[in-house]
Amino acid sequence: MTVNGLKRHLRRGLVAFSILVVFILAVSALFAPLLSTHDPTEVTLANKFAEPGLDHPLGCDHLGRDVLSRLLHGARTSLGAVAVIAGVILLLGFAVGATAGYAGGVLDSTLMRICDVFLTFPTFILAMFMIGVLGTGIVNVILAVSLTHWAWYARIIRSLVLALKNREHVLAARVSGTGRFMTMVRHILPPVFAQLAILATLDIGHMMMHVSGLSFLGLGVRPPTPEWGVMIADARQYVWTHPELIMYPGLAIFVTVMAFNLLGDALRDALDPHALEHTATDHARRETASSSESLQEAY
Amino acid sequence: MKCIRLVLFGFVLAFCTVLLSLANATAEPPKGEGVLVYSWSSNVGPLNPHRYSPSQMFAQAMVYEPLVRYQADGTVAPWLAESWTASINGREYVFRLRQGVTFSDGTPFNARAVKLNLDAVLKNHESHDWLELVNQLHAVEAAGGQAVSILDDYTVKLTLKDSYYPILQELALIRPVRFLSPAAFPDDGDTGKGIKAPIGTGPWQVTEMVKGEYDVFERNDRYWGQKPNMRHLVVKVIPDSNARAVAFDTGEIDLIYGAGGHGAGQIGLDTFERYQKMGEMITGVSQPLATRTLALNTNRFPTNELAVRQAVLHAVDKKALVDHIFLGVEKQADTIFAPSMPYCDLGLAPFRYDPAGAATLLDKAGWILPAGSAWRVRDGKELALDLCFVGNDALQKSVAEVLQGYLKKIGVKANLLGEESDSFYNRQKNGEFGMIFGDTWGAPYDPHSFCSAMRVPSHADYQAQLGLPMKADIDARIGEVLVTLNEEARRNLYADILTTLHEQAVYLPLSYMTSIMVHGKNIEGAAFGATKYEIPFEPVRKK
Amino acid sequence: MLRYILKRLAMLAPILLTVSLVVFGILRLGEGDPAMSYLRMSNIPPTDQALAVARAELGLDRPLHEQYLDWLGCAVQGDFGRSYVTKNPVLEEIFYYLPNTLILAGASLLFTLVLSVPLGMVSALKKDQLPDHLTRGLSFFGVSMPNFWFGFILVWVFSIQLGWLPPMGKGGPAHMVMPVLTMSLMSLCINTRLIRANMLDNMHARYVLYARARGLPESVVVGRHVMTNSLIPVITAVGMHVGELFGGAVIAESIFAWPGVGRYAVSAIYNRDFPVMQCFILVMTTIFVTMNLIVDICYAWLDPRIRYEGGGQ
Amino acid sequence: MTPSSSASAQAYLNVRDLRITAGEKILVGGLSFTAEKGRVTGMVGESGSGKSLTCQTIMGLPPRGLSVSGDVLLNGVAMPLEPKNAVLAHGSRGRQVAMIMQNPISCFNPVCTIKTHFRETLAAHHKSRLDNTRQRWRSSLVQVGFENPDAILPLYPFQMSGGMLQRVMIALALALDVDFLLADEATTDLDAVSQRRVLDLVASLVHDRDLGVLLITHDLSVIAHLADDVLVMREGVLVERGNVHAVFNRPCHPYTISLLEAHYRLYGIDMEASCN
């Protein structure tokens, strides 16, 4: 029993930790200009590779910019981009998925064929291609990552809606005369939103790595915008003399992604839509050629 | 059990496939004694002497040779041509070719080979129209004359339209006037479409090209001059300068040699400094080879104003830039061409670092810094300009970020536009920039070819100068200087042109580019070439 | 079964057609001007006249649907045009580098499967014991690790500090170790977690209880009943992993200077070499779709439920 | 008739003081009963009364994490009860005593054919290949009423109905020549016709092969129809036992009475009337 208690304790600790990390990130992203002691783009060559000290808690980078300020503003860029991406994906995915699932018929199959097309591409490759055509910059990165990810969500939402639509209590509501719209709002949306919250939280880490990965390849945000992937790429050439410069942004990404993963797990445990999930997964697995859900589940 | 067997079967199958492809795909470059390993960011390319990208100039220079060779002191020396004479009017040149030279396939080098090659170049003159030499020769042909004539087996005469003075410098260029073995010409003689094999008279010949991995050069044992010390030279493909440094650290390559700077160069300058401090390595920095500079657009707000341009030039602390970004590897540049270049030692007064003076200049011009604002304003317009650079060139990026910082201090807002090279060059062409990076071409192009290009609308320099009231005058002088035979007149014309450009503050020269070199103590004989485009591998010896 | 395969194969053509349409659409509606890139790479000064000539030459001045049909017609015959940079046929270039990427991806996939199966199994069988905690902890770390950072840490530790592994390039098996690790880390961890979850689910399945009740030895119960049902869904995940691995390959090839198609594509993007970008995404997508097709067929082959239901429809 | 102590010595299945606990919670508390070959012993009780748990424990397969004490004697031989000893028990498990379970479709491995199930089951108990033949599988399928066993063998579980699978389960038991059958809610999910068919099959097997059956169900009509003796469970404790007629006609324990009442009311039979 003590083992179980310890485990529960540990688990609760991890969840608390993840909430704390996400909170800190959100705060630093929102209030980066207030929290940071320096302008993240201010170049002071005399401070090149300055040691950590009172003025610069984490030291300075190759152009004498304050690393901590850049990290804070980097959180703003990364999280901001991911938040926008998640918003776009959820909106688009929800609109398409719910419409398809609820309307059925020709509309459903048309929308799903469109999703199929997007699911056909390997996501990162398609994002790269879009950047290649559209050019770099944060807006294009958001566009590329959103467009490559929304179709998964549309599919999942559609299967959820389909599964729920034929559930007894929903059918009962319909039979007892509740309107289509009200049924949707009352009986279908809440569980779908719960499920979406979990999926989105679990996927944020993934999207973040896409954004940073693109930036790392030089296909992401434009300088001097501070971004963690860019900071890693910038620090690469100083790894022999100043390995800490590559550690900070790397750790930042790592911890953020981990926190979101933990949070997603915890959210799943808390909302426990296990039965729902299974119906949806079974449904989806039969339909999609490439079952993204099993992957989602594994996260 | 059926299922398990199937899964196992799948694994075994996949494993075999991988092993098989591994076994097939593993090719190895030569190793060990007599092999020098160098690296470059791409394969050396098809090495057609009469074509440009994707062939790499350093490799073209290893395989093909010019009639005359550019020297470090700015003069040209006899090479495949033993001697030459120019006519009084400066329009006819007669070259006496070196005898006993053969191409690496055994074909003799003679007047016929020279004519064949020059004719092939002239056939595709459109692709070489940036080069005045080709235009001059082509103009003669177009007028019904003969530009290249064989006087005897070893004597060739070139006829120009005008008395174009830099002809010898341009004959020394790495491309396109170098010589392919007549045996390697395509059947229709048009090298513009491709060649049979890269065979030249140079000290090296290509023996193997493995795309994306490496190229192998072998000593040309038929070479007429000083033969290379090493039997083989392997050029590995390492596109990334960090990977190159790691490769050097782990002994994968023997030599780092070429332009400095993370991005376009061989290794980052910080990495170079690390090797300098290490003590176990031999490092070297060449003399200045070209100028790293930015052009200011005189045809666009707000840099169309002389005061703004002067203020920008005064705002930049080049010393700090050179100390911290170029780490002293490249020296501070105050004029667009180094004084050591021909006709360029003019004693022009540099724009000193003087932020206060810059601010005064702007104040006088009516650019006021409103209280509480970071940027100057006049008539409700913000003092802002676009600073354009190649986004994935780390060195340009760093410099751009530094410049942004300096300009901010005098209240000038610089918007950084780091883009793909495509968009970048597009901006150079159409003048959609406030400030833009642009290096001079270095010897042997500077100053004449570079100045010549200032008259071409698709060059950043033309676009940048377009707003100058005396632009037409400058172009006329450039046209004149290239064909004048009078040394004194030429000197005066250059002084005029360069002084005007300097005083009008069109260029923000940063540093004089150098080549760098790093190798272990087991390598000796490595030295710098006369231009930034060639690497003399011949004297290098590995113990 | 044959009917199922034929049905899936028949779906391949319309999928690829749509893919080509999307690629073409993105390319033509984007901001980039192919004529501009073409001229710059050909060292021709991009005057307005030259641009017009290049546009005509590249067929950019014709109506979009004509351009598409033309392009499609050529693409079907394997003619994707010539690279603006090297002037070689694009498909030839891509196919030159492709095997290197496939070797990496294949090795990573193999590594993923070979390692994740035992790890997932041990983790499930020793649930809540030390091996389980270790595996779960590691896979959790792995899922959160950005691969471009991980790759660099590997270089830093194994090449720079320890000097055990070659840092870059292609050569013997030693050259593959770090790229494969970098690429497969994410898939490996996801797969391990997937297998563990499947195993745990299946161990509580009623057919496992019944199998035990029939007196089957434990080796048969776990080895046949639990394993098969846990591993078959993993086949589906393989399809997903291939997509992830392609993305990872681009990054690993950039870090380790591996002469693969991903690195080639990145440089093509820098140069805005449109034919190469186009061909790259089409080839990669075709491989991805084909892999998924094979995965689906394997899945149907191994799981009779899909075979009988899917084939009957 | 109440089984005497001397009868219990001869009884085929002998459960003595079986206790199953999960932590503090008592799931089965001191259960003792016997069952004999050639007879059907019914076990009734509401859901959660510990019937299935008892059944699994007899098979030596209690769920993980439970502690078990007491004895289970099979033909006079004690069966190990802890799950870690399960391997030791497998000699008799399946071979002498077999279990058939409810919801049969979930009890078969979906990716294996019926043939595979037969082969692996027989292979686990008969070392020799001679006995593990198609002939044998077919004959046991015929015994449970499949007229064309060759058509059944290559089928996958999801291609068959619940009633068919239930009979396949019995056939699997027959192929091993078991002496005793534990039927855990074996007919609960079946439709009336299939249920009837399975029950008739069990009855005939008891009669023809001297099979012993422990029939666990909450359906009293099934007990009434098939069982000889009945055990009434409630909250892990045996509250009443005896001959089925005796118990049903003169229930003593209030729980038994309420069970019967509920059952009769549902079927519209007046209890007093039926008792008299």
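In chain D of this predicted model, D:Met43 stands opposite D:Ile216, a residue of S8(D). The two strands involved are worth tracing. Strand S3 of chain D covers residues 40-44, and strand S8 of chain D covers residues 212-216. They pair in the parallel sense, over four bridges.

That pair belongs to a wider sheet. It is open, has six strands and runs in the order S6-S7-S8-S3-S9-S10 (chain D). Its pairing is mixed. At the edges lie strand S6 (97-101) and strand S10 (237-243) of chain D, each pairing on one side only. On average, neighbouring strands are turned by 15° against each other, direction ignored. A helix packs on this sheet: H7 of chain D, residues 162-175. Helix H7 touches S6 and strand S7 (180-184) of chain D. The direction of H7 makes about 175° with that of S6(D).

Now turn to the contacts between chains. Chain A meets chain C with 43 residues from chain A and 43 residues from chain C. On the side of chain A, five helices give two or more residues each: H4 (105-120), H5 (123-134), H8 (180-216), H10 (244-271) and H12 (292-298). H5(A) brings the largest share, 11 residues. By class, this side of chain A has 28 nonpolar, 13 polar and two charged residues.

Chain A also touches chain B. Here 17 residues come from chain A and 24 residues from chain B. On the side of chain B, helices H6 (241-249), H7 (269-278), H9 (318-324) and H11 (394-409) each supply at least two residues, as does strand S18 (413-419). The largest share, seven residues, belongs to H11(B). This side of chain B holds five nonpolar, 13 polar and six charged residues.

How values were computed:
Residues numbered from 1 in each chain as written. Chains lettered and ligands numbered in written order. Predicted model: local features only at pLDDT ≥ 70, side-chain atom pairs only at ≥ 80, totals over all residues. Contact = placed C-beta atoms within 7 Å. Nonpolar A, V, L, I, M, F, W, Y, C, P; charged D, E, K, R; others polar. Pairing = 2+ DSSP bridges. Axes fitted to C-alpha atoms, helices over the stretch in contact; angles between N-to-C directions.
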